Structures are given as C-alpha cells and as structure tokens.
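Welcome! Here is a short set of questions and answers to help you find your way around. Take a look at the picture and follow along.

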Amino acid sequence: MIIKLLLMELRSIRSDGRLLALVALALATLILSTWIGAESQRSAKTGREAAMEISRQQWEAIDGLSAHGVGHYGSYVYKPSSPLSTLDSGVMPFTGKVVRVEAHVQNPPSHSDAGSWSSLIRLGAFDAGTILSLLVPLLLAFSAFSSVSRDRETGLLRVLVAQGVSLRSILWGKSLAYWFLSLLLVGALMVSHVVIDQFSGEPLTTDIKTRLLLFGSSHSLYLLIVVLLSVWISARVADSRSALMILTIGWLVTSVVLPRITAEFSSQLFPLKSQVTFEDEMAEDRSKGLDGHNPRDERRNVVRQEVLEKYGVEKVSDLPVNLGGILMQKDEEYGNQVWDVHFGRRHETVRKQIGVVQAVSFLDPFLAARGLSMAFAGTDQFHDAQFQRQAENYRRDLIRILNDLDAKAGTRQENGRWSREKIDYATLSDFEFEPQSVDFALGHRWPEALSLLIWVIFSAGLLQIGTGRIPIVGGSR
C-alpha cells in the first residue's frame with residue numbers, strides 16, 4: 001500500500017508545474033555551483049603549479065650562499081585543494097594556502113581566498129554543501145507541507161482514510177515521495193561532480209569515491225529527517241497557517257539562529273588566542289625557555305661544551321666540524337618543542353570548540369549535516385590542521401638537512417677557519433602533501449554521524465507511532 005501511495009504522490013508532484021520548476025531551479029543551482037567550484041579549483045591549481053615552478057627555479061638558482069644562509073632564504077609550500085572542495089569549501093576559504101618555510105621561524109599559513117573576496121560573501125558561500133543543507137530543506141519542507149494541507153482541504157485525506165487506508169501509510173507514502181525527490185537532487189549532484197572531474201582530468205580514487213558516497217549519504221539522511229518532520233508537523237497541526245509558521249520558525253532556528261549561537265558560545269567557552277599572541281608567546285618561550293629557565297645563551301654554552309668534549313678538543317678552531325651548524329640545529333630542535341606545545345594547545349582549543357558544536361548537533365541535525373559535509377569533502381578544521389603539521393614537518397626536515405650540511409660539508413683549514421664546500425641545492429626535494437583517508441574524517445566526526453542516525457530514528461518514530469491524534473479535516477482537533 002505504501003508503494004502505491006508513493007507512486008500516487010509522485011504523479012501528483014509530476015503534475016505540479018510550480019514544484020517541478022523549483023526542483024529544476026535547485027538542480028541547476030547545484031550543478032552550477034559544482035561547475036563554478038571546479039573552475040575555481042582548476043584556476044587555483046594552475047596558479048599553484050606556476051608558483052611552485054617559480055619557487056623551484058629560484059631554489060635551484062641559489063649560488064654562493066652557505067647552507068645556513070639558504071635556511072634563512074627559505075622556500076614556500078602550497079596547500080593543494082581537496083578533490084571534493086568543489087562540493088563544500090568548508091573553512092578552506094578562510095585559512096591560509098601558502099606557508100613560508102625558513103630557519104628559526106614557524107610561519108603561519110597565509111594568502112587565504114577570503115582576503116580577496118568582496119563584502120557580498122556575507123550572503124553565504126555558493127557551494128553545493130550549503131545549498132543542500134540550507135535551501136533544499138526549505139524547498140522540501142514547504143512542498144511536503146503543501147501536499148498534506150492540500151489533501152486535507154480537498155477532502156482526499158478523509159476519503160482515503162474512509163476507504164480503509166491507514167493514516168500512517170499515507171504519511172509514509174508522502175514522506176518517501178519527497179525523499180525520493182531529494183535523492184534525485186543528491187544523485188544528480190554526485191554524477192555531475194564525477195563528470196566534471198573526469199573532463200578536468202582529475203583521478204577518481206577509491207578514497208574519493210568513498211568520500212563522495214558518504215557526502216551524498218549524510219545529506220540524504222539529513223533531508224530524510226527534514227521530510228519526515230515536515231510531513232508529521234503538517235499533518236499534526238490542522239491549521240495550515242500555524243503549520244507553515246512552525247516549519248518556517250523551525251528552519252530559521254535550526255539553520256540560522258542556533259548555529260550562530262553555538263559558534264559564539266563555543267568561542268566564549270574556549271577562547272582562541274590571536275595569531276599575534278600565539279607568535280609572541282612562542283618567541284618568548286623560545287628565547288627564555290619553555291619553563292622560564294634555560295635561556296638561549298645557556299643552551300648554546302652547554303651544546304658548545306658537549307661538542308668540544310665529544311671530539312676531544314679545547315678550542316672551536318680545532319673541531320673537525322662547523323660548530324655553527326650544530327648550534328643552529330640544536331636551536332631548531334628546541335624551537336620545534338616550543339611549536340609542538342603551543343600548536344598542540346591551539347589545536348586542542350579548536351577541538352574543544354568543535355566538541356561543543358558536536359554536542360549541540362544532537363539537538364540540531366543541521367549542525368551534524370554541516371560537520372559531516374565538510375569532513376567528507378576534506379575541508380574542515382581537522383584536515384586543515386594536517387596541512388599545517390605536514391608543512392611544519394617538511395620545514396624541520398629541510399632545515400635539519402641544511403644545518404647538517406652547514407656542520408659537515410666542508411673542511412677545517414690550518415688557520416682554524418672553516419671552509420665550506422659548494423652545495424647543489426637542486427637535490428633537495430619539494431613539499432608533497434599526503435591527503436588523509438576517509439577513516440581520518442570518520443574518526444573525528446563520529447558524533448555527528450551518530451546524531452544523524454538518532455534523528456532519523458526519532459523522526460521515523462514520530463511518523464510511525466505519532467499518528468493517533470492527527471486531524472484529517474481542516475480546522476478539527
């Protein structure tokens with residue numbers, strides 16, 4: 001019976017020209033946003049490759065500088081775009097995409113996309129993830145409301161019940177019909193993404209396929225929740241105006257008001273230090289010691305004495321190595337500890353802020369859907385932190401190699417001066433970003449996944465057991 005009611009509702013949807021026009025508009029908007037995202041990603045990739053080529057040419061052209069000087073000269077690493085960022089840009093537009101790597105300094109990512117945006121961006125990001133979580137639910141909620149309201153006002157609902165069709169079956173038929181409509185939108189979006197990527201020459205790996213499937217599944221579950229609640233509320237409230245007002249207020253609260261309140265509350269509960277404060281505190285700890293003891297000069301003296309004892313000499317001029325390179329590396333290793341402590345604190349603060357949002361997502365499925373959407377697209381805060389860690393690890397390896405060359409690539413002359421060998425810096429490799437697997441996203445976002453499943457069960461339960469007092473005639477109680 002539910003299948004027959006589903007098909008009947010689909011025929012009704014097909015005959016509704018206004019609804020079909022809205023669905024076509026939503027579909028066109030989704031595909032257009034994907035195409036725009038792909039073009040933006042292609043342009044960014046071209047610019048990134050050109051910048052990397054220039055940086056490499058400049059690096060290979062270095063001549064006459066010591067390894068220590070090259071460490072100060074530095075280089076740049078560039079963050080690649082996530083393959084699914086065309087669907088959901090997440091926090092990526094607001095985070096830096098370029099990191100300058102150099103000795104003694106851990107620079108933050110810079111050159112974010114948002115820095116070049118106009119004030120119109122305040123209207124919201126134009127990507128499929130935002131459209132699926134904000135606009136499509138509004139379309140489905142109002143369409144489902146109109147269907148229930150129309151059948152009640154025309155008397156069709158009463159006729160079906162009088163013929164022995166259970167109200168529960170009727171509501172399930174309507175819900176599944178509008179969910180099927182949402183599945184068509186999500187499916188068309190996923191297909192368009194694959195097609196556009198294939199034309200762009202992007203490889204479709206197993207991890208990307210899995211991420212794309214989970215991206216579509218998370219949005220499909222959220223839209224199912226929206227449909228089930230919309231149908232139940234529209235059926236439960238006999239007054240069509242009241243039902244419409246409840247749905248509108250519900251959309252505003254869950255999609256606009258509560259997310260903003262939650263974000264503000266989490267930032268107040270776990271405040272994040274500014275970048276200036278973060279860098280100042282790191283510089284202070286690096287010069288004075290993490291615990292306020294063992295400042296830089298004392299550390300240098302200790303290392304100097306250890307090296308002299310290791311090689312069994314009394315003067316630096318008698319060392320078979322360059323003491324400067326060893327001192328620089330020891331200073332780097334201490335600075336690395338400082339960075340690990342401060343970055344760890346900062347990342348833990350961000351994790352706690354996200355934890356607040358995840359807790360509230362059990363009250364608001366919109367937050368769960370948005371968190372999963374960004375995670376599966378590889379554009380959330382956790383994925384961004386991985387880029388910063390990998391960039392820092394590359395910087396450490398590069399500076400360690402240069403300091404080692406500065407310490408050992410040369411000979412001690414008879415007058416005690418250190419004579420450096422000529423070094424071919426072109427042999428040093430560029431930065432290569434290692435993308436995270438989908439398990440990484442699931443490991444950090446399982447609370448949102450659990451929240452969506454609970455909301456699906458709750459919404460389905462309302463429709464399954466909450467039909468006892470639903471009015472079948474308009475205005476009745």
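A residue counts as buried under 20% relative accessible area, as exposed over 50%, and as partly exposed in between. Please keep in mind that this is a predicted model.

Q: Is Ala 359 buried, partly exposed or exposed?
A: Start by finding Ala 359 in helix H11. Its relative accessibility is 46%. Because that value falls between the cut-offs of 20% and 50%, Ala 359 counts as partly exposed.

Q: How far apart in space are Ala 359 and Asn 415, C-alpha to C-alpha?
A: Ala 359 has its place in helix H11. Along the sequence, 56 residues separate Ala 359 from Asn 415. From C-alpha to C-alpha, the distance between Ala 359 and Asn 415 is 69 Å.

Q: At what angle do helix H8 and helix H11 pack?
A: Helix H8 covers residues 240–269 and helix H11 covers residues 323–360. Their axes are 9 Å apart, and the crossing is right-handed. The packing angle of H8 and H11 is about 145°.

Q: How many nonpolar, polar and charged residues make the contact of H8 with H11?
A: The crossing of H8 and H11 is right-handed. On the H8 side, the contact is made by Leu 258, Thr 262, Phe 265, Ser 266, Ser 267 and Leu 269, while H11 brings Gln 353, Val 356, Val 357 and Val 360. Sorted by class, the contact of H8 with H11 has no charged residues, four polar and six nonpolar.

Q: Why is the pair of Phe 387 and Phe 431 called edge-to-face?
A: A search of the whole structure turns up seven aromatic pairs. In the pair of Phe 387 and Phe 431, the ring centres are 6.2 Å apart and the planes stand at 80°. Planes over 60 degrees apart count as edge-to-face. So, with its planes at 80°, the pair of Phe 387 and Phe 431 is edge-to-face.

Q: Which parts of the chain does the pair of Phe 387 and Phe 431 link?
A: The two residues are 44 residues apart, and the pair links distant parts of the chain. Both Phe 387 and Phe 431 are buried. Phe 387 belongs to helix H13 (residues 381–408), and Phe 431 to the loop between strand S5 (418–420) and helix H14 (438–465).

Q: Which residues do ring pairs link into a cluster with Phe 387?
A: Phe 387 is buried, and so is Phe 431. Ring pairs join these two with further aromatic residues in a cluster. Besides Phe 387, the cluster holds Phe 431, Phe 433 and Tyr 394.

Q: Which residue lies over the face of Phe 278?
A: Look at the ring of Phe 278 and go 4.7 Å from its centre. The residue lying over the face of this ring is Arg 346.

Q: Is Glu 9 buried or exposed?
A: Glu 9 is part of helix H1 (residues 2–15). Not counting residues up to four places away in sequence, Glu 9 touches several others, among them Ser 147, Arg 150 and Tyr 178. Its relative accessibility is 4%, which is under the 20% cut-off. Glu 9 therefore counts as buried.

Q: What is the phi of His 104?
A: His 104 sits in the loop between strand S2 (98–102) and strand S3 (105–106). With a relative accessible area of 23%, His 104 is partly exposed. Although His 104 is not a glycine, its phi is positive, at about 75°.

Q: Which residues does Thr 95 touch, not counting those up to four places away in sequence?
A: Thr 95 is in the loop between strand S1 (75–78) and S2. At 16% relative accessibility, Thr 95 counts as buried. With the residues up to four places away set aside, Thr 95 touches Lys 79, Ser 112 and Asp 384.

Q: How far apart are the C-alpha atoms of Leu 22 and Ser 143?
A: Leu 22 lies in helix H2 (residues 17–60) and is partly exposed, at 44% relative accessibility. Along the chain, Leu 22 and Ser 143 are 121 residues apart. In space, their C-alpha atoms are separated by 9.9 Å.

Technical notes:
Residues are numbered from 1 along each chain as its sequence is written. This is a predicted model: local features need pLDDT of at least 70, side-chain atom pairs count only at pLDDT 80 or more; totals for chains, interfaces and linings use all residues. Side-chain values use heavy atoms; hydrogens and water are left out. Axes are lines fitted to C-alpha atoms, for helices over the stretch in contact, and angles run from 0 to 180 degrees between N-to-C directions. Helices (H or I, at least four residues) and strands (E, at least two) are DSSP runs, numbered from the N terminus. A crossing is left-handed if the near helix is turned anticlockwise from the far one by less than a right angle, and right-handed if clockwise. Contact means heavy atoms within 4.5 Å. Ala, Val, Leu, Ile, Met, Phe, Trp, Tyr, Cys and Pro count as nonpolar, Asp, Glu, Lys and Arg as charged, and the others, Gly among them, as polar. Rings of Phe, Tyr and Trp (its six-membered ring) pair if their centres lie within 6.5 Å; planes under 30 degrees apart count as stacked, over 60 as edge-to-face and the rest as tilted. Buried means under 20% relative accessible area, exposed over 50%, partly exposed in between (1.4 Å probe, protein chains only). A charge sits over a ring if NZ of Lys or CZ of Arg is within 6 Å of the ring centre and within 35 degrees of the ring normal.
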